[in-house]
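Here is a short tour to read alongside the structure. Start with the aromatic rings, then step back to the whole chain.

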Amino acid sequence: MLREGSLFTQWALWAPDSDGALHRTGVKSWNRYDSRYTNITLTQARIGEIMAEYIREKCADMEIRRATIVEGLSVRDGEEYPVEVRTRNVRRTINGETTEAQASNGIRVDDDEDLLKTSIDTRTIHAKYVVACDGAHSWTRRQLDIAMVGDDTDVIWGVMDVLPDTDFPSTRALNSVLGAGFGLLLVPRERGLIRVYTTLAMTIQQRLKPYRFSYKTCEWWAAYQIGQRISTANIDSSGRVFLAGDAVHTHSPQAGQGINVGIQDVWNVMWRLNLVVKQSAKPDIPQTYSEERLKVAQDLVNFDRQFAAMASGQPTPQGLFGRQSWSIQHFFHRIGVMVAGLHVHSESSVLTCTSKEDLEVAQKALSSGKVPPGMVVGMRLKPATIYRHEDALKVEFTGHEAFQSDDRFRILLFVGNLRTADNMERLQHVASKLSVLLSRYVSKVFDIVILHTANPTDLGLSKPVARAQETLGSNTRIFFDGQLVDGKLVSSGAAYKTYHVDAEAGKLVLLRPDQYIAYVGELTNVETVER
Ligand SMILES: Cc1cc2nc3c(=O)[nH]c(=O)nc-3n(C[C@H](O)[C@H](O)[C@H](O)COP(=O)(O)OP(=O)(O)OC[C@H]3O[C@@H](n4cnc5c(N)ncnc54)[C@H](O)[C@@H]3O)c2cc1C
């Protein structure tokens with residue numbers, strides 16, 4: 001995705017003057033918002049293909065079946081595979097060649113209607129769980145009798161992907177053009193394309209005056225009505241069928257959040273189901289998906305009501321954030337934290353140990369487009385650069401080099417400066433306590449990570465470090481919070497500072513498999529981790 005996508009770093013704001021000529025009124029640079037990555041755009045079709053390629057390459061026992069319609073769903077309590085799903089594969093033969101028909105959203109393509117009636121390639125699947133991502137008109141949601149709550153506005157937008165022919169000077173930035181009662185958004189895309197979003201009231205050429213705007217090719221276009229809807233539930237009453245993506249939340253596309261949040265939904269439910277299916281977690285754990293993701297969906301829909309109104313040049317609805325309206329800068333920062341996947345879960349649960357006060361502080365910061373400092377329980381861990389203890393390999397602490405997506409909970413031990421005898425002794429004490437905990441559980445559930453601040457060169461081939469590794473198992477990984485200065489590795493404490501950890505006191509942190517922080521406490525408080 002990084003190789004193929006179009007990177008953009010600036011947001012330019014434009015407005016017409018009293019003569020109708022366009023002027024740039026400001027330029028903002030996107031911060032990294034505590035993400036290792038910056039914004040890229042890439043067509044949804046390629047994102048889907050890249051994921052499918054990955055599945056084909058890595059998951060030999062998984063099959064992607066195209067043009068397969070789900071048309072029956074029932075749940076029988078008490079069975080090992082309680083969900084029964086009936087599917088029909090839709091194929092047609094033209095001139096002796098078999099092709100797959102397109103199963104459209106809601107299966108309403110006229111061409112396919114006869115085929116749907118006659119096709120007999122059916123299957124019955126018995127499953128432990130089903131995750132339905134069948135879009136805004138979700139068939140599954142209707143079967144479960146789950147309502148969508150919300151409304152449509154009377155604002156119609158047009159959207160097109162074009163190869164531009166223009167003298168508009170800032171095509172590789174994200175451009176917002178705002179006037180009374182209209183909005184226009186130009187989003188840089190891969191292969192030199194631009195996506196143009198516009199309210200349907202004037203032509204794009206009129207809005208971009210004095211600049212010229214036309215296109216060489218138009219790859220895709222559509223028109224849509226803006227609305228915001230959210231489902232009243234995302235799990236059925238049996239706890240076996242889950243809804244994700246547009247089946248749960250729909251909103252305007254301008255903030256670019258639909259696929260992003262949909263993918264996060266699916267990730268959030270899948271690691272839970274995987275642990276349950278592998279019998280490493282209790283069957284009630286997946287229920288925590290409901291509250292966590294409905295809250296994110298509600299935040300998104302609330303935000304979008306304001307953002308969509310602002311982007312259309314309309315007055316923003318009152319009171320959604322307790323204020324009448326927000327400046328465009330506010331939206332800029334809010335989108336920044338959302339794009340970086342910074343959300344906070346609402347309350348303590350079986351997976352998260354936090355206080356209401358801490359969550360409120362974090363939520364307030366995020367709602368005003370700021371990243372809360374330090375570590376917030378219920379939010380994902382921020383990135384930091386650290387070094388591997390044994391060979392000084394530079395590592396992104398929360399990136400996939402250090403923390404693979406392998407469904408393990410991570411226990412992070414911030415043990416401070418290991419040059420002092422007290423800290424070495426403390427490490428050994430924690431290691432002994434943890435080894436007792438590890439012996440009680442399937443070893444593959446936990447990953448133990450130690451982050452210290454003593455320069456490994458000064459530390460020498462320290463026996464206590466090796467002893468801690470021996471106590472906790474050879475897979476225990478040890479890192480050093482340092483930096484390279486003139487080719488020499490020195491102690492920096494930068495990661496400790498990022499996470500607000502006092503090197504003297506140390507800290508113990510429990511991360512969930514999705515890198516959200518479940519617990520932060522005293523270094524020796526292994527009991528709470530277990531609980
Ligand atoms: C103009 C526009 C621009 C957008 N831009 C962005 C953006 O920049 N960034 C972003 O993150 N999001 C964007 N979005 C939103 C994004 O497209 C959606 O949020 C996303 O596609 C939702 O994914 P989904 O898998 O939940 O649903 P869908 O993509 O709708 O997929 C649902 C699938 O289920 C299938 N299906 C339905 N019923 C059945 C059935 N009974 N049996 C079998 N299959 C069935 C459908 O055929 C479809 O393939 C945009 C949307 C629009 C309209």
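## A cluster of rings

In this predicted model, ring pairs join Phe 397, Phe 403, Phe 414, Phe 479, Tyr 496 and Tyr 499 into a cluster. If you are browsing for other ring contacts, the structure holds 16 aromatic pairs. One of them is formed by Phe 397 and Phe 403, a tilted pair with 5.0 Å centre to centre and 55° between the planes.

Are these two phenylalanines, Phe 397 and Phe 403, buried or exposed? Phe 397 has a relative accessible area of 0%, so it counts as buried, the cut-off being under 20%. Phe 403 is buried as well, at 2% relative accessibility.

## An edge-to-face pair across the sequence

Now turn to Phe 414 and Tyr 496, two further members of the cluster. Their ring centres are 5.3 Å apart and their planes meet at 80°, which makes the pair edge-to-face because that angle is over 60 degrees.

Which parts of the chain does this pair tie together? Phe 414 belongs to strand β20 (residues 409–416), while Tyr 496 sits in helix α12 (residues 494–498), so the pair links parts that are 82 residues apart in sequence. Both rings belong to buried residues: Phe 414 has a relative accessible area of 0%, and Tyr 496 has one of 3%.

## The chain as a whole

Stepping back, the protein chain is built with 13 helices and 26 strands. Its radius of gyration is 26 Å, close to the 24 Å that the globule rule gives for 531 residues, so the chain is as compact as a globular protein of that length. Along the principal axes, the C-alpha atoms fill a box of roughly 75 × 65 × 45 Å.

How much of the chain joins residues that lie at least 24 apart in sequence? Among contacts between residues at least 6 apart, the share that joins residues at least 24 apart is 69%.

## Inside and surface

Buried residues account for 47% of the 531 residues in the protein chain. On the outside, the chain exposes about 26,600 Å², and carbon and sulfur atoms supply 50% of that area.

As for charge, the protein chain carries 61 positive and 63 negative charges. How far apart are the mean positions of the positive and negative charges? They are 3 Å apart.

Conventions. Residues numbered from 1 in each chain as written. Predicted model: local features only at pLDDT ≥ 70, side-chain atom pairs only at ≥ 80, totals over all residues. Heavy atoms only, no water. Helix = DSSP H or I, 4+ residues; strand = E, 2+ residues; numbered from the N terminus. Rg over C-alpha atoms; globule rule 2.2 N^0.38 Å. Buried < 20%, exposed > 50% of the residue type's maximum accessible area, 1.4 Å probe, protein only. Contact = heavy atoms within 4.5 Å. Areas by Shrake-Rupley, 256 points an atom, 1.4 Å probe, with all protein chains shown as cover. Lys, Arg positive; Asp, Glu negative; His and termini not counted. Charge placed at Lys NZ, Arg CZ, Asp CG, Glu CD. Phe/Tyr/Trp six-rings, centres within 6.5 Å; stacked < 30°, edge-to-face > 60°.
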